[in-house]
Amino acid sequence: MVGCLKRGWEDKDMRKATTVLVLMLLCGTVYAEMQKVTVGGQIRIRGRVWSDTLSNGAGGPATERIPMFLLPERPIGPFGTFSRYDWDDRNHDLKYYEEKTRLNVRAFFTDDVSAFIELDSFDQWGTDFRSNYVTGADAPANSINDIEILHSYIEMNKIYDLPLRLRVGRYDLKLGKGWLVNDLITACLSMSHDGMRLTYDTDAWTIDAWTSKINEAFAVEEDGDTDFYGVYATYKPLELLDISAYWLWMRDARSQNDTNGTWLPEAIEDVIGWDDYDTSSLHTLGMRAFGKSGKLDYDLELAYQFGEADVVGSGFRVNGYGDDGAEYDAWAGDLEVGYSFDAPWSPRVFAGAAYFGGEDNRDISFAEWLNPFDRPEASVSFNRLFSGIGYAWTWDIFQNSSNFYQVRAGVTTKPTDKLSVTGQVAYQQVLEPFDIPRSFHVGDWRIPVWSGLSFWTEEASKDMGWFTYIWGQYNYSEDLFLRAGWEHLFTGEGMDDGSFTSGHGLEFSGGTDGDDAD
């Protein structure tokens with residue numbers, strides 16, 4: 001359920017108070033008489049229930065599914081075979097309510113210069129109550145970083161009398177439909193970037209260019225920061241579609257080291273070329289074509305990633321050493337086509353597909369198992385960056401799953417002007433399944449044939465299952481809507497076996513059973 005409040009007024013007392021707030025939070029150095037102040041905000045409240053899905057909560061600790069002593073010499077990756085899913089009706093279900101509160105102020109100093117500040121608080125119900133009803137003892141609320149400055153920037157428009165806008169500070173960033181970069185992680189969690197964003201906007205073109213500081217190493221490393229750069233351009237004059245093209249660059253200069261020994265072992269490593277990590281450099285080239293022709297609408301987005309993936313390769317360590325030659329090399333795409341009918345309830349039928357390239361090099365041969373000096377090879381799948389589009393409520397919870405493909409179809413109807421209802425069916429498969437230890441089954445138990453023979457494996461099933469969901473949205477007013485939905489997963493054998501699909505293909509998603517989930 002979401003409530004939105006957006007109001008604006010011009011009051012002298014409010015202008016004075018906001019001036020102080022703007023100057024304090026933006027550390028402004030120039031004072032100017034404000035022309036106008038607007039105040040807005042938003043409240044979002046959401047309740048979620050998972051059944052037979054998560055073992056320890058959406059962000060809780062994962063549980064090891066395959067002990068590492070069954071996988072000797074195998075480059076499993078930084079998270080081992082720990083999984084947050086169970087697909088098991090014998091374990092506890094998960095239920096909680098969350099609330100997001102946002103309050104913003106925009107102060108206009110001239111028609112083209114303004115300052116914007118937005119405060120954000122994310123809470124879960126029942127975590128901040130101040131009293132113990134059993135003993136009657138009262139205490140301060142259990143609050144940690146409740147209120148954050150989500151946005152805080154100075155905006156300048158019409159620079160040099162051109163259709164240019166510059167934002168400097170902490171700003172929001174959503175590219176297109178939010179497929180790879182979105183300002184909303186989930187319905188109640190938001191994201192912002194620290195840096196500068198320049199926008200050129202005309203009737204024909206919209207071009208965004210930005211720089212964002214993701215991680216600051218300070219004095220820990222001379223060049224150990226993580227930075228995000230990009231350019232996103234959209235061409236709009238075509239009659240039947242708009243075309244976007246973009247380049248995204250994530251530069252991660254954090255140093256990676258397998259060992260920190262004395263001069264002699266370090267010199268030996270230099271000679272043989274081990275432990276030689278470079279700066280990670282993830283480049284994403286993409287395009288999007290979307291539009292409408294009569295009653296037909298369409299949206300296609302494709303992206304290719306390349307570059308050094310040393311920060312990923314360092315997590316695939318075997319005998320103390322990781323893969324210092326890991327690289328990004330993967331494709332991804334999403335397509336949806338819809339058709340709207342002139343009929344009661346205005347139905348729109350649609351069909352679509354999604355693909356996120358994956359890699360799984362976690363199996364080893366008999367010769368590699370015998371060789372104590374064998375070098376590990378990392379498994380690098382497509383990185384979805386900061387996506388705001390999820391492909392399954394039961395599984396793609398953080399919009400970071402990869403190494404899978406999906407086909408889907410559904411229908412959206414509008415029984416009334418204020419009510420819309422959508423139903424969808426989707427099928428998913430793993431692209432590169434995990435090779436699990438060779439085993440035999442006794443009931444629900446899988447017993448390895450021999451614990452030390454990690455080269456003796458069998459391929460996990462690719463079948464993730466069928467996902468069905470239905471949701472409705474009621475627009476109570478211009479400022480308030482209510483939404484409810486339900487997804488059911490007819491769990492495939494591949495979910496029980498488990499493969500590396502979560503966490504951009506770095507986290508295991510296997511469970512303890514194959515029960516259906518909701």
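In the predicted model, strand 11 (residues 226–235) and strand 12 are paired in the antiparallel sense, and ten bridges hold the pairing. The two strands form a hairpin in which five residues lie between them. Within this pairing, Val231 of strand 11 faces Trp247 of strand 12 as its opposite residue. Strand 12 (241–252) is joined in turn to strand 13 by twelve bridges, again with the strands antiparallel. Two positions illustrate the register of that pairing: Tyr246 stands opposite Gly286 in strand 13, and the bridge partner of Leu241 in strand 13 is Gly291.

Strand 13 (280–293) also pairs with strand 14 (residues 296–308), to which eleven bridges join it in an antiparallel arrangement. Lys292 has Asp297 of strand 14 as its bridge partner. The hairpin of strand 13 and strand 14 has two residues between the strands, and Gly294 in this hairpin adopts a positive phi near 65 degrees. Strand 13 is thus paired with strand 12 as well as with strand 14.

A further set of antiparallel pairings involves strands 8, 9 and 10. Strand 8 (residues 164–171) is joined to strand 9 (residues 193–201) by eight bridges, and Leu166 stands opposite Leu198 in strand 9. Strand 9 is joined to strand 10 by seven bridges, also in the antiparallel sense. For Arg197, the bridge partner in strand 10 is Trp210. Three residues lie between strand 9 and strand 10 in the hairpin that they form.

Several of these strands contribute to the second largest pocket, which encloses about 740 Å³ of space. The pocket is lined by 30 residues, of which Tyr328, Asn383, Leu385, His504 and Leu506 are the closest to its centre. At least two lining residues are supplied by each of strand 10 (205–215), strand 12, strand 13, helix 3 (310–313) and helix 6 (502–505). Strand 13 gives the most to this lining, contributing three residues. By residue class, the lining comprises 15 nonpolar, twelve polar and three charged residues.

Enclosed space was examined separately. Rolling a probe the size of a water molecule over the atoms shows where empty space is left. Two cavities of 30 Å³ or more are present in the structure. The largest cavity has a volume of about 50 Å³, and its lining consists of Leu175, Trp179, Leu180, Val181, Tyr232, Tyr246, Leu248 and Glu301. Seven of these lining residues are nonpolar, none is polar and one is charged. Tyr246, which stands opposite Gly286 in strand 13, is therefore also one of the residues lining the largest cavity, where lining requires an atom within 4 Å of a cavity point. The second largest cavity has a volume of about 30 Å³. Its lining is made up of Leu70, Pro437, Arg438, Pro448, Trp450, Ser451, Leu453, Ser454 and Trp456, which divide into six nonpolar residues, two polar residues and one charged residue.

On the surface, a nonpolar patch of about 640 Å² is made by Leu296, Leu300, Leu302, Leu335, Val337, Tyr339, Phe341, Val349 and Val411. Strand 14 and strand 15 (327–340) are the elements that give two or more residues to this patch. Leu335, one of the patch residues, is found in strand 15. Strand 14 therefore takes part both in the antiparallel pairing with strand 13, for which the criterion is at least two bridges, and in the nonpolar patch.

Charged contacts were also assessed. Side chains of opposite charge can pair when their charged atoms come close. With a cut-off of 4 Å between a side-chain nitrogen of Lys or Arg and a carboxyl oxygen of Asp or Glu, the count comes to 28 salt bridges. Among them is the salt bridge of Glu98 with Arg46, in which the closest N and O atoms are 2.7 Å apart. Glu98 lies in strand 5 (residues 94–108) and Arg46 in strand 2 (residues 36–50), so this pair ties together parts that are 52 residues apart in sequence.

Note on methods. Residues numbered from 1 in each chain as written. Predicted model: local features only at pLDDT ≥ 70, side-chain atom pairs only at ≥ 80, totals over all residues. Heavy atoms only, no water. 1 Å grid on protein atoms, 1.4 Å probe; cavity = no way out; pocket = protein on both sides within 12 Å on 5 of 7 lines; lining within 4 Å. Points joined across faces, edges and corners; volume = space filled by probe spheres on them. Helix = DSSP H or I, 4+ residues; strand = E, 2+ residues; numbered from the N terminus. Nonpolar A, V, L, I, M, F, W, Y, C, P; charged D, E, K, R; others polar. Patch = residues over 30% accessible without salt bridge, like charges linked within 9 Å, V, L, I, M, F, W, Y side chains within 5 Å. Areas by Shrake-Rupley, 256 points an atom, 1.4 Å probe, with all protein chains shown as cover.
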